[in-house]
Amino acid sequence: MRILDGDGHVIEDVKAIMERIPPELLGGNAVRGVGPFPAPDHLHHQSHRYPDGAFRDPGGVAGWGNFLDSAHIDGTVVYPTRGLSFGKILDPDLAVATARAYNDWLYDEYLSKDERVKAAALVPMQDPDAAVDELRRAVTELGFVGAMVPGTGLQALLGNRKFWPVYAEADRLGCVLGIHAGAHHAMGLDGMTPFAGVHALGHSFAISIAFTDMLFTGVFNRFPNVRFGFLEGGLGWFLMVIERCSGAYDAFTPVDPQRRFLRIEEGDNVEAYIQRMIDAGRLFVGIEGDEPMLANAVDKYGSGAFVFSSDFPHEVNIDTIRAEIDELLENEAVSESAKEDILYRNAARFYGGAWGAA
């Protein structure tokens, strides 16, 4: 069975990225000392153990290629590591320069060297007009599949109309927007220890908030040519959000004389609306291979939304990833066709046939 990885990561060469940023923007002590990306949060600063080999650079694109060969994976779309905190950059000029430098570095060191490796660009949502330009450049000139949108850190939620020009450009390009968190502050977790609890909730909280805000502010309705992905939160958040948003909309239907929000007509409901997005190939959810509710979710909503994601080389290694893949392949409650969707076809559809036809 062919396999595509819907969400891997690069370990940034911060020095090489900084060399692509105008020196005058790197003059501040905070930037000069640690590079352009802020620390994700104080919550990561706790003692814990990883699986052997996790969170280590596998050796650039060659190491990624070795991983793909060893795991029998046909291709991947990579997202950042340090850049997961990109939304926390407050200086818009630094955000613009950092996005461009990261994208150029990623193209030079990965995309141009192994056609199996695709990528989501960083775009400076801090300056939406500049983000429009960078998204266009990344997709049309560098061959990126679309952009990563930070799930946390930005000074507004993702349904805010200040970001709509970026969504409009993605709609024009017909590309991907992958919502991905990684900075876990300001979500009620700021005093939590150990870090295992933060990690258990942080990604899923962040994309639950982003999804709900984008849903109810009408983003999905307004930009029908964008394929939206919500990544690294697993499956449980998605089932919870469908249930809660559908019931909440019925109980607290917006009074909306200026038509600012999602509108559900009489006889329809939010759950059915989300189902239509899945069926139309517009909504995707990154999952792992060991999701205990996967068979139930496939029975309820079909297999078209769920995209296998390795998260390599974060808190995983080749052994744990192969174990996840094997667990999915051996899951008798999931049909062979659904397994093919989850492991290959959905990623090919989400990322626009980046490796050819699904």
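This tour visits one cavity and two residues of a predicted model.

**First stop: the cavity**

Begin with the structure as a whole. A search of it finds 1 cavity of 30 Å³ or more. The largest cavity holds about 50 Å³ of space. To display its lining, select D7, E232, G233, G234, G286, I287, E288, S309 and D311. Colouring this selection by residue class gives 4 charged, 4 polar and 1 nonpolar residue.

**Second stop: H314**

Next, select H314, which is found in the loop between β8 (306-308) and α12 (318-329). Is H314 buried or exposed? Its relative accessible area is 4%, so H314 counts as buried, the cut-off being under 20%. Now add the residues that H314 touches, leaving aside those up to four places away in sequence: H9, A54, F55, P80, T81 and L84.

**Third stop: V117**

Move on to V117, which is found in strand β3, residues 117-122. The relative accessible area of V117 is 1%, and V117 is therefore buried as well. Which residues does V117 touch, not counting those up to four places away in sequence? Select V61, L68, T76, V78, Y110 and L111 to show them.

Finally, keep V117 selected and add G75. These two residues are 42 residues apart in sequence. In space, V117 and G75 are 5.9 Å apart, C-alpha to C-alpha. Drawing a distance line between the two C-alpha atoms in the viewer will display this separation.

Technical notes. Residues are numbered from 1 along each chain as its sequence is written. This is a predicted model: local features need pLDDT of at least 70, side-chain atom pairs count only at pLDDT 80 or more; totals for chains, interfaces and linings use all residues. Side-chain values use heavy atoms; hydrogens and water are left out. On a 1 Å grid over the protein atoms alone, a cavity is a set of points where a 1.4 Å probe fits but cannot get out, and a pocket is an open set with protein on both sides within 12 Å along at least five of seven lines; lining residues have an atom within 4 Å of a point. Grid points are joined across faces, edges and corners, and a volume is the space filled by probe spheres set on the points. Ala, Val, Leu, Ile, Met, Phe, Trp, Tyr, Cys and Pro count as nonpolar, Asp, Glu, Lys and Arg as charged, and the others, Gly among them, as polar. Helices (H or I, at least four residues) and strands (E, at least two) are DSSP runs, numbered from the N terminus. Buried means under 20% relative accessible area, exposed over 50%, partly exposed in between (1.4 Å probe, protein chains only). Contact means heavy atoms within 4.5 Å.
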